[in-house]
Amino acid sequence: MTSQSRPPATVQCPNCGKPVPWVTAERWRPFCSERCRLIDLGHWATEHWRIGGEPASPEDQQPD
Ligand SMILES: [Zn+2]
């Protein structure tokens, strides 16, 4: 079986779910844009802070 004219592979942006063509031109893949990439990385960093640490107790929360 040969498929010479298949559509380009696409991935979903991990941040917004937008389809992103998996091509060299998409420099931020698998993200659709630099913004989504930064947002996702920031989100991941935040989650990383929560994971491995103890749940924040009310005493630790210092109101501004
Ligand atoms: Zn996106």
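Where along the chain is the place of Phe-31? Select Phe-31 in the viewer, and you will find that residue in the loop between β2 and α1. Keep in mind throughout the tour that this is a predicted model.

**The chain as a whole**

Before going further into that loop, show the protein chain as a cartoon, where the secondary structure comes to one helix and two strands, and where the order of the elements from the N terminus on is β-β-α. Colouring by confidence is a useful next step, since the mean pLDDT of the protein chain is 80 and 66% of its residues reach 70 or more. Among the elements, strand β2 (residues 19–21) has the highest mean pLDDT, at 95, while helix α1 (residues 34–50) has the lowest, at 79. Of the 64 residues in the chain, 8% count as buried, and among contacts between residues at least 6 apart in sequence, 7% join residues at least 24 apart.

**The strands**

Now select Thr-10, which is placed in strand β1 (residues 10–12), and add Pro-21, which lies eleven residues away along the chain although the C-alpha atoms of Thr-10 and Pro-21 are separated by 4.2 Å. If neighbours within four places in sequence are left aside, Thr-10 is in contact with Val-20, Pro-21 and Trp-22.

**The zinc site**

Next, select the zinc ion together with the residues that coordinate it, namely Cys-13, Cys-16, Cys-32 and Cys-36, each through its SG atom, at 2.3 to 2.4 Å. Along the chain these donors follow the spacing C-x2-C-x15-C-x3-C. The angles among the four donor atoms run from 104 to 117 degrees, and the site is tetrahedral. For comparison, the ideal angle for four tetrahedral donors is 109.5 degrees.

Are Cys-36 and Cys-32 buried or exposed? Cys-36 counts as buried because its relative accessibility is 8%, which is under the 20% cut-off, whereas Cys-32, at 21%, counts as partly exposed.

**The loop between β2 and α1**

Return to the loop and select Pro-30, which is placed there, between β2 and α1, and look at the peptide bond from Arg-29 to Pro-30, which is cis, with omega near 5 degrees. Pro-30 is partly exposed, with a relative accessible area of 29%. Not counting residues up to four places away in sequence, Pro-30 touches Val-11, Gln-12, Cys-13, Pro-14, Val-20 and Trp-22, and its C-alpha atom is separated by 7.1 Å from that of Pro-14, 16 residues apart along the chain.

Moving one step on to Phe-31, you come to a residue that is buried, with a relative accessible area of 10%. Its C-alpha atom and that of Asn-15, 16 residues apart along the chain, are separated by 7.1 Å. Leaving aside neighbours within four places in sequence, the contacts of Phe-31 include the zinc-coordinating residues Cys-13 and Cys-36, and among the others are Val-20, Arg-37 and Asp-40.

**Asp-40 in the helix**

For the last stop, select Asp-40, whose place is in helix α1. Which residues does Asp-40 touch, not counting those up to four places away in sequence? They are Pro-14, Asn-15 and Phe-31, so that the contact with Phe-31 leads back to the residue where the tour began. Asp-40 is buried yet has no salt bridge, and the nearest side chain of opposite charge, that of Arg-37, is 8.7 Å away.

Key:
Residues are numbered from 1 along each chain as its sequence is written. Side-chain values use heavy atoms; hydrogens and water are left out. pLDDT is the predictor's confidence in each residue, from 0 to 100. Helices (H or I, at least four residues) and strands (E, at least two) are DSSP runs, numbered from the N terminus. Donors are N, O and S atoms within 2.8 Å of the metal (3.2 Å for Na, K and Ca); water is not among the atoms, so sites may look incomplete. Four donors count as tetrahedral if all angles lie between 85 and 135 degrees; four count as square planar and six as octahedral if opposite donors are over 155 degrees apart and all others between 65 and 115; anything else is irregular. Buried means under 20% relative accessible area, exposed over 50%, partly exposed in between (1.4 Å probe, protein chains only). Lys and Arg count as positive and Asp and Glu as negative; His and the chain ends are not counted. A salt bridge is a side-chain nitrogen of Lys or Arg within 4 Å of a carboxyl oxygen of Asp or Glu. Contact means heavy atoms within 4.5 Å.
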